[in-house]
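This report describes one protein chain, starting with its pockets and moving on to its strands and to two individual residues. Please keep the sequence and the model in view while reading.

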Amino acid sequence: MDNSSQPPPQPPSQQQSLEVVVGRIGKPHGVRGEVTIDVRTDEPERRFAVGARLRARPPRGAAFALDELTVGRTRWHQGVLLVTFEEFADRTAAEGARGVVLALDVPVDERPEDPEEFYDHQLEGLAVVDVDGRALGVVAGVVHGAQDLLRVRTPDGRDALVPFVSALVPEVDLAGGRVVVADRPGLVTPFPDEAADADAAAADADADEGRA
């Protein structure tokens with residue numbers, strides 16, 4: 001295939017947009033093509049606005065053939081987001097979309113409407129420091145669940161999970177490229193006895209190498 005007319009891929013630093021996952025289609029609801037959505041965004045009203053076109057990523061081996069879906073109607077029912085896509089005429093079509101992941105492109109410099117919210121890609125790679133400015137590591141990822149957690153990779157290779165709440169993460173400075181964590185023993189910094197055990201294990205390993 002001749003790719004000479006294709007522009008070269010942009011390095012990440014020059015990309016103008018980034019694909020983000022906003023949800024996954026669950027089971028059908030009713031007989032008119034409505035489906036439940038496993039929401040993967042903090043802004044469902046924004047991402048699932050009527051008329052929004054979402055990229056469709058079916059599970060491996062699925063027969064689902066559509067590349068894009070258009071939001072026709074949304075409503076909440078007992079805390080669950082229900083969406084009717086224009087492409088689904090009935091329950092059979094909706095059933096065939098079960099497990100499809102929904103994504104869209106957002107500008108790399110876009111910010112959530114809530115100034116206290118952040119996209120995962122904005123946090124990943126930020127330096128992590130304590131309230132005195134001492135380096136603790138970098139944000140290696142964000143874990144979503146009942147409570148969002150920052151996964152902090154420390155200089156010695158450990159992963160520490162920090163609840164993403166203001167009491168423990170008082171500052172996120174995107175412009176400065178850092179996150180401030182109110183560290184304490186057992187949060188990012190290990191308890192003294194754990195640190196001593198790790199140092200002893202490292203010393204034993206070094207001694208074993210020296211005898212080998």
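Which elements each supply at least two residues of the lining of the second largest pocket? They are α3 and β11, the latter spanning residues 171-173. The model in which this pocket is found is a predicted one, and the description below should be read with that in mind.

**Overall architecture**

The protein chain has 212 residues, of which 32% count as buried, and its secondary structure comes to four helices and twelve strands. Among contacts between residues at least 6 apart in sequence, 50% join residues that are at least 24 apart. The surface exposed by the protein chain is about 13,000 Å², with carbon and sulfur atoms supplying 50% of that area.

**The two pockets**

The largest pocket has a volume of about 480 Å³, and among the 22 residues that line this pocket, those closest to its centre are V21, R40, T41, D120 and H144. At least two residues of this lining come from each of β1 (17-29) and α3 (120-123), and β1 gives the most, with five residues. The second largest pocket has a volume of about 310 Å³; it is lined by 17 residues, and the closest to its centre are E116, E117, F118, F164 and V172. The helix α3 therefore needs to be read with both pockets in mind, as the linings of the largest pocket and of the second largest pocket each draw at least two residues from α3.The make-up of each lining is set out below.

| Pocket | Nonpolar residues | Polar residues | Charged residues |
|---|---|---|---|
| Largest pocket | nine | four | nine |
| Second largest pocket | eight | three | six |

**Strands β1, β2 and β5**

The strand β1, which contributes to the lining of the largest pocket, pairs with β2 in the antiparallel sense over five bridges, and within this pairing G23 stands opposite V39 in β2. These two strands form a hairpin with four residues between them, in which G30 takes a positive phi near 80 degrees.

Strand β2 (residues 34-39) also pairs with β5, again in the antiparallel sense, and here over four bridges. Two of the facing positions can be named: E34 stands opposite T84 in β5, and V35 stands opposite V83 in β5. Is β5 largely enclosed by the rest of the structure or largely open? Five of its six residues are buried, so β5 is largely enclosed by the rest of the structure.

**Strands β4 and β5 and the turn at Q78**

β5 pairs with β4 as well, in the antiparallel sense and over six bridges, with L82 in β5 as the bridge partner of R75. The two strands form a hairpin with two residues between them, and Q78 lies in this loop between β4 and β5 (80-85). The phi of Q78 is near 55 degrees, a positive value in a residue other than glycine. Q78 counts as exposed because its relative accessibility is 75%, a value over the 50% that sets the limit for exposed residues.

**Strand β3 between its partners**

Along strand β3 (residues 53-57) the side chains alternate between two faces, such that L54 and A56 point to one face and are buried, whereas R53, R55 and R57 point to the other and are not buried. Three bridges join β3 to strand β4 (residues 68-77), the two strands running antiparallel, and L54, one of the buried residues of β3, has L69 in β4 as its bridge partner. β3 also pairs with strand β6 (residues 101-107), in the antiparallel sense and over three bridges, and in that pairing V101 in β6 is the bridge partner of R57.

**L161 and its surroundings**

L161 is found in strand β10 (residues 159-163). Which residues does L161 touch, not counting residues up to four places away in sequence? They are V143, L149, L150, R151 and L187. The C-alpha atoms of L161 and V188 are separated by 7.5 Å, although these two residues are 27 residues apart along the chain. Even with these contacts, L161 is partly exposed, because its relative accessible area is 44%, which falls between the 20% limit for buried residues and the 50% limit for exposed ones.

Methods
Residues numbered from 1 in each chain as written. Predicted model: local features only at pLDDT ≥ 70, side-chain atom pairs only at ≥ 80, totals over all residues. Heavy atoms only, no water. 1 Å grid on protein atoms, 1.4 Å probe; cavity = no way out; pocket = protein on both sides within 12 Å on 5 of 7 lines; lining within 4 Å. Points joined across faces, edges and corners; volume = space filled by probe spheres on them. Nonpolar A, V, L, I, M, F, W, Y, C, P; charged D, E, K, R; others polar. Buried < 20%, exposed > 50% of the residue type's maximum accessible area, 1.4 Å probe, protein only. Pairing = 2+ DSSP bridges. Contact = heavy atoms within 4.5 Å. Areas by Shrake-Rupley, 256 points an atom, 1.4 Å probe, with all protein chains shown as cover.
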